[in-house]
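Me: I am new to this structure and should like to learn how to read it step by step. Could we begin with the question of where caution is needed?

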Amino acid sequence: MSESSNIIELKHITKSFEDGFVAVSDFNLEVKRGEFVTFLGPSGCGKTTTLRMIAGFDRPTSGEILLNGKDISHLPPNLRPINTVFQRYALFPHMNIYENIAFGLKQKKTPKDIIRNKVKKVLQLVDLEGFESRSVSTLSGGQQQRVAIARALVNEPEILLLDEPLGALDLKMRKEMQLELKNMHKELGITFIYVTHDQEEALTMSDKIVVMSEGKIQQIGTPEGIYNEPENAFVADFIGESNIFNGIMTGHLKARFAGGQFETVDDYPEGTQITAVVRPEDIQITKPGEGQITGKVTDVIFKGMHYEITVQSGRYELVIQSTKSAEPGSSIGMKVEPDGIHIMIAAEHTNYFNVDMNRDQMLEFNGSVLDTKVENIIKGSRRNADNQLVASNGELIDPEKIHIIAAIEPSDIQMSDNVEDCLVQGIISDLIYMGDHYSYVINTDIGQDFIVDDEYLWNMGDLVGLVLPIDKMRFTVKK
Amino acid sequence: MRFSRKLLGIPYAVFLIIFVVAPLFVLFFYAFTNGEGQFSFSNLTGFFSDPNTLGTLCYSFALAFVVTVVCLLLAYPTAYFLATSKLKAKGVIIMIFVMPMWINFSLRITALKEILTMIERNLAYYPFLNSVLGMTYDFLPFMILPIYNVIVKLSPDYGEAARDLGADSAGTFLQVTLPLSVPGILSGVSMVFLPAMTNYVVLDMLYNSTYIMGSLIGSYFSAYNWHGGSMIALILLAVICGFTLLTDSIGEGEVKRGGAML
């Protein structure tokens with residue numbers, strides 16, 4: 001029976017709060033006994049909420065949590081054989097280390113001498129022998145973290161939940177604890193469910209990673225799988241550094257993107273619009289003219305293990321990681337082997353672009369002021385008596401510190417011959433007939449491709465202006 | 001001369017010397033002298049040999065103890081509920097508890113007196129009960145607020161950690177929430193117990209003829225027995241000092257372990 005190897009299963013878990021915010025939606029996951037599973041995602045993606053539902057602090061709005069095949073979603077936390085290591089440790093300040101660790105066993109009415117033995121053993125495990133009578137406040141952050149882990153482990157839970165347990169530690173300490181946790185997991189054979197926003201931590205420690213964004217699972221896979229075969233642009237962007245391009249399949253195992261022709265290992269029908277992901281370390285530097293594309297080095301940063309080289313190739317910017325340096329300003333060729341390219345079918349063609357806020361606190365894009373009210377975009381902001389933009393707390397909003405991303409659908413953009421009157425101009429680099437309209441890829445003067453749907457036929461290589469209606473733009477503020 | 005921050009303390013230091021330190025010396029002087037201005041222990045021995053004064057001390061103690069316990073029993077659940085509930089009207093409810101403090105206390109006690117008179121007809125029947133009622137009514141907010149302040153600042157993580165480690169809700173309260181709110185309880189207790197020993201105005205306004213320490217001192221002074229009155233004030237001071245040291249030593253343990261004293 002395959003059921004028996006799954007210690008916990010989450011089925012169609014949804015959690016929405018009273019104010020209507022949906023923290024987690026339709027979350028499905030199976031965890032095998034003894035696995036090290038990591039929930040990875042940016043803050044606010046629902047990973048901690050999911051963990052809290054497994055622990056029992058929050059109840060799912062709908063869906064079931066099965067532990068060894070039994071629904072536990074309505075059991076209170078004290079009746080679940082699951083223990084948690086909290087982000088801020090939550091050690092009881094009125095108890096010493098011994099009392100803290102013994103707390104769980106005391107609730108189970110374990111005899112005193114057994115408690116004493118178990119506490120001693122678990123303190124050895126976390127390398128804190130002899131700390132029994134110390135008080136919590138005399139311990140360093142790293143030591144408190146170990147006590148928190150010991151306090152959870154001493155109960156011999158079936159599942160150990162860890163909510164960003166290393167977030168408050170400094171880098172060196174964090175690296176050490178990562179290794180120790182990994183070793184503990186191997187030694188004890190307990191299932192670990194770990195929450196982090198640190199992709200490196202997730203890749204280092206996990207057997208299985210669940211990448212989440214906006215309450216939804218983006219991808220579940222092994223660290224290698226998620227790194228090498230991201231399922232969508234979010235995962236590719238979030239895990240490691242990547243160069244992401246919009247492009248098109250031009251033939252069998254052939255694709256065009258970033259202004260070059262590439263051989264691929266992923267096959268999709270000719271004409272499919274794709275998103276191509278190339279990892280910085282998969283781009284090889286060649287002599288100019290020898291690779292698939294050429295470009296000019298704009299920036300070189302020494303990163304210790306490698307150089308990070310930024311290259312401008314036509315309108316595209318690429319990041320390369322190489323052990324060899326390159327001269328800024330020099331021309332280089334770039335080559336990518338087929339297995340270094342990961343092709344995904346472009347799920348959506350929404351165009352995203354950055355808009356700036358100018359000194360008058362108006363939105364500006366490509367040198368033109370957009371006729372919008374910024375105070376309607378930034379939540380809680382308003383104009384004060386001097387017509388300056390202030391946040392809800394009355395503080396002035398610094399245009400330098402605010403980043404606004406605008407989104408517009410391909411069908412909302414019109415192309416125009418009056419190039420000068422348009423916000424953006426560009427050259428048509430690709431077009432596909434989609435049955436009832438043409439889909440165009442426009443290389444624009446802002447160094448970004450726009451995808452535009454239009455029912456009329458324009459020619460490849462035409463210089464066109466793009467009309468972007470402001471009322472069709474959606475703005476999001478990035479902190 | 002260079003301005004130093006210490007200079008800012010001068011006004012208060014002057015105030016302290018004139019109105020606190022100097023009167024204390026006067027108090028000491030009167031307490032240990034007799035009518036002829038000679039040094040004497042007769043006031044001290046007089047207090048402890050008079051069954052009436054000793055009786056008043058015990059009565060005050062008992063009254064203050066009962067008032068404190070009643071206040072605590074009323075205040076803790078209220079504060080706990082206020083601090084942990086997610087009610088939208090929480091601010092309004094807290095306001096209801098704080099608002100009586102905005103009304104002049106003699107007005108409040110007079111209102112209470114009228115109500116009690118309606119119920120009991122003659123307030124002389126239940127002097128102890130009336131004293132407890134009056135003082136509890138007067139001092140309750142001083143117990144609620146410090147406890148509320150401590151509980152509201154307790155991280156919900158502690159409660160969740162206890163539940164996570166297998167404690168049920170009663171166990172979580174008894175083993176975690178209650179011990180962690182001890183600092184609030186202690187400051188509440190000292191803010192209620194000490195005035196309850198001395199605040200005889202409440203009793204006076206309730207037409208209450210029983211004596212507590214405050215009224216005893218008042219009666220000595222109004223009879224121009226400044227020496228005896230000073231000694232009783234000094235003894236009360238010693239009692240209060242002892243009590244404060246006691247709560248502090250309990251509180252210190254809590255503070256050292258990470259609790260928060262108000």
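Reply: Let us start with confidence, since this is a predicted model. Over residues 255-262 of chain B, pLDDT stays under 50. The model has 18 contacts beyond four places in sequence for residues 255-262 of chain B.

Me: How should such a stretch be read?

Reply: Where pLDDT is low, the predicted coordinates should not be read in detail. For chain B as a whole, the mean pLDDT is 86, and 95% of the residues reach 70 or more.

Me: What ipTM and pTM does the predictor give the complex?

Reply: The complex receives an ipTM of 0.76 and a pTM of 0.72 from the predictor.

Me: How many helices and strands does chain B have?

Reply: Secondary structure may be read by counting elements and then following their order. Chain B has twelve helices and zero strands, so its pattern along the sequence is written with α alone, as α-α-α-α-α-α-α-α-α-α-α-α. Along the principal axes, the C-alpha atoms of chain B fill a box of roughly 70 × 65 × 35 Å.

Me: What share of the contacts in chain B joins residues 24 or more positions apart?

Reply: Among contacts in chain B with a separation of 6 or more, that share is 70%. Burial can be read beside it: 40% of the 262 residues of chain B count as buried. The accessible surface of chain B is about 14500 Å², and carbon and sulfur atoms account for 72% of that area.

Me: How many positive and negative side chains does chain B have?

Reply: There are 13 positive and 13 negative side chains in chain B. The centres of these two sets lie 12 Å apart.

Me: Is A:Gly215 buried or exposed?

Reply: One compares the relative accessible area with a cut-off, and buried means under 20%. A:Gly215 has a relative accessible area of 1%, and therefore counts as buried. Its place is in the loop between strand S9 (208-213) and strand S10 (216-221) of chain A. Leaving aside residues up to four places away in sequence, A:Gly215 touches A:Ala23, A:Val24, A:Ser25 and A:Cys45. A:Gly215 and A:Lys47 are 168 residues apart in sequence, yet their C-alpha atoms are 7.6 Å apart in space.

Me: Why does B:Cys58 form no bond with B:Cys241?

Reply: A disulfide requires two cysteine sulfur atoms within 2.5 Å. The closest cysteine sulfur to that of B:Cys58 belongs to B:Cys241 and is 20 Å away, so the two are too far apart for a bond. Over all chains, the structure holds zero disulfides.

Notes
Residues are numbered from 1 along each chain as its sequence is written. Chains are lettered from A and ligands numbered from 1 in the order in which they are written. This is a predicted model: local features need pLDDT of at least 70, side-chain atom pairs count only at pLDDT 80 or more; totals for chains, interfaces and linings use all residues. Side-chain values use heavy atoms; hydrogens and water are left out. Helices (H or I, at least four residues) and strands (E, at least two) are DSSP runs, numbered from the N terminus. Buried means under 20% relative accessible area, exposed over 50%, partly exposed in between (1.4 Å probe, protein chains only). Contact means heavy atoms within 4.5 Å. Accessible areas come from the Shrake-Rupley method with a 1.4 Å probe; for residues, only the protein chains shown count as cover. Lys and Arg count as positive and Asp and Glu as negative; His and the chain ends are not counted. The place of a charge is taken as NZ of Lys, CZ of Arg, CG of Asp or CD of Glu. pLDDT is the predictor's confidence in each residue, from 0 to 100.
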